[in-house]
Amino acid sequence: MSDTTLTPGIKAGRLDAAAYDENFGDLHPRLDDHEVLVAADRCYFCHDAPCITACPTEIDIPLFIRQIATGTAEAAAETILDQNILGGMCARVCPTETLCEQACVREAAEGKPVLIGQLQRYATDTLMEQGKHPFARAVRTGKQVAVVGAGPAGLACAHRLAMHGHDVTIYDARQKPGGLNEYGIAAYKSVDGFAEREVDWLLQIGGITIETGKSLGSDLTLDQLKASHDAVFLGLGLGGVNALGLEAEDKDGIENAVDFIADLRQARDLAKLPVGRDVVVIGGGMTAVDAAVQAKLLGALNVSLVYRRGRDRMNASVFEQDLAASKGVRIITNAQPVAIHGNGAVREIEFEYTDDSLTPTGQTFRLAADQVFKAIGQTLQGDGLPKLEGRKIAVTGAGRTSVAGIWAGGDCAAGGDDLTVTAVAEGRDAAEDIHSSLMG
Amino acid sequence: MANLESNFIGIKSPNPFWLASAPPTDKEYNVRRAFDAGWGGVVWKTLGEDGPPVVNVNGPRYGAIWGADRRLLGLNNIELITDRPLQTNLDEMTRVKRDYPDHALIASLMVPVDEDSWKDILSRVIDTGCDGVELNFGCPHGMSERGMGSAVGQVPDYVQMVTEWCKKHSNLPVIVKLTPNIADIRKPAQAAKDGGADAVSLINTINSITSVDLDLFAPQPTIDGLGAHGGYCGPAVKPIALNMVAEIARTPELAGLPISGIGGVTTWRDAAEFMALGAGNVQVCTAAMTYGFKIVEEMISGLSQYMDEKGFTTVDELVGRAVPNVVNWQDLNLNYVTKARIDQDACIKCGRCFAACEDTSHQAISMSEDRVFDVIDAECVACNLCVNVCPVEDCITMERLPEGDVDPRTGKTVSDDYANWTTHPNNPMKCAAE
């Protein structure tokens with residue numbers, strides 16, 4: 001254990017240089033050509049396969065696996081991308097253990113599903129590394145569509161619209177397109193700048209212009225977009241972060257997990273990224289796990305992930321929970337934060353145990369903390385949006401909002417899980433609906 | 001532990017597992033190691049006439065069919081008979097037989113179809129002390145183009161003639177190795193028997209092209225852009241070999257003709273199946289080429305355990321035990337009515353049974369919204385395809401309808417009486433009822 005490991009406070013460079021590469025390498029290295037054949041051979045080519053039903057984008061999984069097995073990974077990639085243009089990223093970040101692989105009959109049979117995610121990655125990587133884009137634009141329609149948000153929903157929508165011959169402009173508040181693919185997601189799930197490469201590859205369809213640094217509300221208004229385009233698709237992210245609701249929440253060292261994750265994704269040199277010695281993550285979803293695991297991988301000595309309910313209620317899948325545990329993250333459940341202690345900067349955070357109905361038990365404990373990440377959910381921000389349902393944009397059918405000519409999909413739209421793959425499906429389906437409306 | 005000692009046409013060996021005449025038995029070094037590993041006998045790589053030996057190609061000799069994890073399922077070869085000088089082989093055989101007197105050593109022979117050639121080679125192999133000869137009438141490539149191997153085996157008259165010469169010019173037991181590249185295996189078997197053969201061995205390899213290189217547009221294995229057909233062997237050919245063995249074993253005119261079973265024997269179970277269908281022993285090649293000589297240990301322990309479980313004390317109690325149950329189609333009981341039954345607890349809901357039945361059979365499996373698969377007895381003809389495509393062992397089974405039940409497909413009451421096609425009313429050739 002090096003000296004820097006024990007140094008209290010939020011410090012950069014806690015690890016040897018080589019450790020960063022090792023810690024942030026590919027979580028699941030790509031299967032090699034032979035491993036792929038063995039993995040593909042396990043697919044039973046089920047009739048009306050349950051894995052297809054379980055996939056929000058309804059990729060024909062048995063077909064693409066058979067195409068891989070017969071030495072045509074490029075054809076397999078087309079099968080995938082035809083349904084899910086971000087099939088490359090979804091292969092990396094999908095919680096397959098709760099989607100296709102959970103539905104796989106071999107999971108039912110022997111607890112070992114076909115490695116659908118890894119097979120999908122093999123196929124999409126094979127095609128994309130050849131620089132091939134298998135889709136072509138239809139004849140230009142002259143219709144202009146605005147897409148707000150260059151995340152999975154917006155990109156999927158834009159690609160499908162462009163394919164149908166429409167001209168699309170994507171506006172995004174950030175400096176780079178990609179949304180959570182670029183700024184969210186643990187670094188070890190998308191190595192070597194894959195998110196950026198995937199966007200570049202997607203844009204090969206043509207007909208899509210991306211304007212970054214353009215934020216809805218400050219740089220653009222919905223009315224303007226509506227007036228200057230034939231249709232608008234809203235694929236915004238959730239810009240707000242839920243607060244803990246405690247006093248002294250503004251103390252130094254208390255940060256948003258999403259910001260930490262974004263900084264980490266954008267960091268050119270992880271050794272320069274500071275992290276606490278004692279890190280506490282509050283929350284029980286994927287964001288909480290991504291922050292906790294990466295804090296540990298950056299060299300934090302103690303990382304605790306604290307969730308107010310039981311393990312079975314965590315939004316993070318069992319796979320993610322196990323991953324966190326395997327990296328040395330301590331998972332504490334049935335405890336909610338009640339006080340922040342420290343003079344200027346946070347030093348300790350106090351929790352109270354709760355029962356399953358969140359009733360406080362009166363028993364408290366304190367965790368040393370020089371860095372606290374809040375990961376208890378994000379919210380949609382913005383004024384003048386179409387009618388909301390709860391805290392998100394209400395939609396009917398394929399993403400139609402309360403305002404004619406405006407569609408919405410992805411995290412900002414009500415309904416569906418906040419998953420990349422769900423966003424892609426919603427963006428794609430909205431694009432088809434927009435196309436039908438425009439071409440009437 | 002059961003006694004595995006084998007006495008095949010008077011040739012004794014510690015067990016019924018012999019290595020077939022092939023690359024594994026091409027030289028002294030291999031054969032000594034094979035005997036040390038536990039093989040009961042060896043048929044030496046085929047010897048040709050004296051003089052300059054044959055030459056082999058210098059490119060690939062083998063092509064293969066694999067499962068997804070490179071499990072070798074079928075092997076094709078274009079190797080010829082031994083390409084070493086005759087005297088070298090004879091000297092080695094002599095030394096090996098001297099050192100392994102209790103193991104079987106058979107000389108495999110292939111020389112041109114004239115009596116003097118056979119007489120000459122026989123006189124030379126007798127001096128090795130070998131236990132018998134096997135006449136290679138099976139090799140389907142290369143040598144057959146020169147009028148030997150399967151070119152002889154495909155002409156029953158030649159088979160008989162050469163067998164007669166061999167019996168005339170030696171006192172050694174003669175095993176005639178048959179080619180499967182023929183319409184009716186019983187014909188050359190009969191010819192061998194008529195010629196005085198002590199036994200037949202089968203099958204030799206099957207004419208085959210393993211695969212085609214779709215870039216070169218050439219058969220594989222490819223030699224400088226060209227390919228020739230080879231001989232197919234390995235696990236893939238076993239069903240063909242089993243049938244040919246059974247055809248000979250159950251033919252009354254051939255009854256009692258000893259058989260050495262060859263063709264895809266990979267495990268003790270394969271060996272037991274050949275023996276149950278009438279083979280007195282088995283010969284193995286591809287399995288040894290794939291996994292090495294050590295596999296014989298599993299064959300010995302497996303057959304021994306099986307025989308103990310069955311209460312067999314000698315291998316002869318197993319030999320031919322299944323032969324009476326091999327019949328012609330017309331002898332099958334048409335009153336034996338079964339239906340597929342799906343064990344819902346074991347079912348993993350893959351739907352393969354449904355796809356197979358719905359698309360390619362009798363639309364006898366229903367599928368519910370929640371993926372429950374059920375057999376529709378009124379449509380099920382008991383073809384067994386669902387059983388075969390189901391990935392879960394014993395999930396789908398065929399259950400016999402008891403006597404007195406009505407088969408909902410035919411509306412007929414099930415009878416326990418045996419009734420076959422020969423007496424069926426639809427048969428225009430049916431025998432008289434009396």
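Colleague: Why does A:Asp167 count as buried or exposed here?

Modeller: A:Asp167 has a relative accessibility of 10%, and buried means under 20% relative accessible area, exposed over 50% and partly exposed in between, with a 1.4 Å probe and protein chains only; A:Asp167 therefore counts as buried. This is a predicted model, in which local features need pLDDT of at least 70 and side-chain atom pairs count only at pLDDT 80 or more, while totals for chains, interfaces and linings use all residues. Residues are numbered from 1 along each chain as its sequence is written, chains are lettered from A and ligands numbered from 1 in the order in which they are written, and side-chain values use heavy atoms, with hydrogens and water left out.

Colleague: What makes the contact between A:Arg137 and A:Asp167 a salt bridge?

Modeller: The term asks for a side-chain nitrogen of Lys or Arg within 4 Å of a carboxyl oxygen of Asp or Glu, and A:Arg137 and A:Asp167 meet at 3.2 Å, N to O, so the pair satisfies it. The pair links distant parts of the chain, 30 residues apart, with A:Arg137 in the loop between H10 and strand E2 (144-148) of chain A and A:Asp167 in strand E3 (residues 167-172) of chain A. Helices (H or I, at least four residues) and strands (E, at least two) are DSSP runs, numbered from the N terminus. A:Arg137, with a relative accessible area of 25%, is partly exposed.

Colleague: How do you know that A:Arg30 and A:Asp125 tie together parts that are apart in sequence?

Modeller: The closest N and O atoms of the salt bridge between A:Arg30 and A:Asp125 are 3.3 Å apart. A:Arg30 lies in the loop between helix H2 (17-23) and helix H3 (33-41) of chain A, and A:Asp125 in helix H10 (residues 116-129) of chain A, so the pair ties together parts that are 95 residues apart in sequence. A:Arg30 is partly exposed at 31%, whereas A:Asp125, at 4%, counts as buried. Both residues also belong to a network of salt bridges that links A:Asp26, A:Arg30, A:Arg92, A:Arg121, A:Asp125 and A:Glu129. Over all chains, the structure holds 45 salt bridges.

Colleague: Which parts of the chain does the pair of A:Asp433 and A:Arg400 link?

Modeller: The side chains of A:Asp433 and A:Arg400 meet in a salt bridge, at 2.5 Å from N to O. A:Asp433 is in helix H18 (residues 420-439) of chain A and A:Arg400 in the loop between strand E18 (392-393) and strand E19 (406-408) of chain A, and these distant parts are 33 residues apart. A:Asp433 counts as buried at 14%, while A:Arg400 is partly exposed at 41%.

Colleague: How do you know that strands E12 and E13 of chain A pair?

Modeller: Two strands pair if DSSP finds at least two bridges between them, and E12 (residues 335-341) and E13 (residues 348-354) of chain A have six, in the antiparallel sense. The bridge partner of A:Ala335 in E13(A) is A:Tyr353. E12(A) and E13(A) form a hairpin with six residues between them, and A:Gly342 in the turn has a positive phi of about 150°. E13(A) also pairs in the antiparallel sense with strand E14 (residues 360-368) of chain A, over six bridges, where A:Ile349 has A:Leu367 as bridge partner. The E13(A) and E14(A) hairpin has five residues between its strands, with A:Leu358 in the turn at a positive phi of about 70°.

Colleague: What makes the β-α-β unit of chain B right-handed?

Modeller: A crossover is right-handed if, with the strands pointing away from the viewer, the path from the first strand over the helix to the second runs clockwise. The unit of E9(B), helix H6 (residues 186-194) of chain B and E10(B) is right-handed in this sense. Strand E9 (residues 174-177) of chain B and E10(B) are parallel and share three bridges, with B:Val176 opposite B:Val200 in E10(B). E10(B) is also joined by three bridges to the parallel strand E15 (residues 259-262) of chain B, in which B:Ser260 is the bridge partner of B:Ser201. From strand E10 (residues 199-202) of chain B, B:Ala199 and B:Ser201 point one way and B:Val200 and B:Leu202 the other, and all are buried.

Colleague: Why is B:Ile209 called exposed?

Modeller: B:Ile209 has 52% relative accessibility, so it counts as exposed. B:Ile209 is found in the loop between strand E11 (206-208) and strand E12 (211-213) of chain B.
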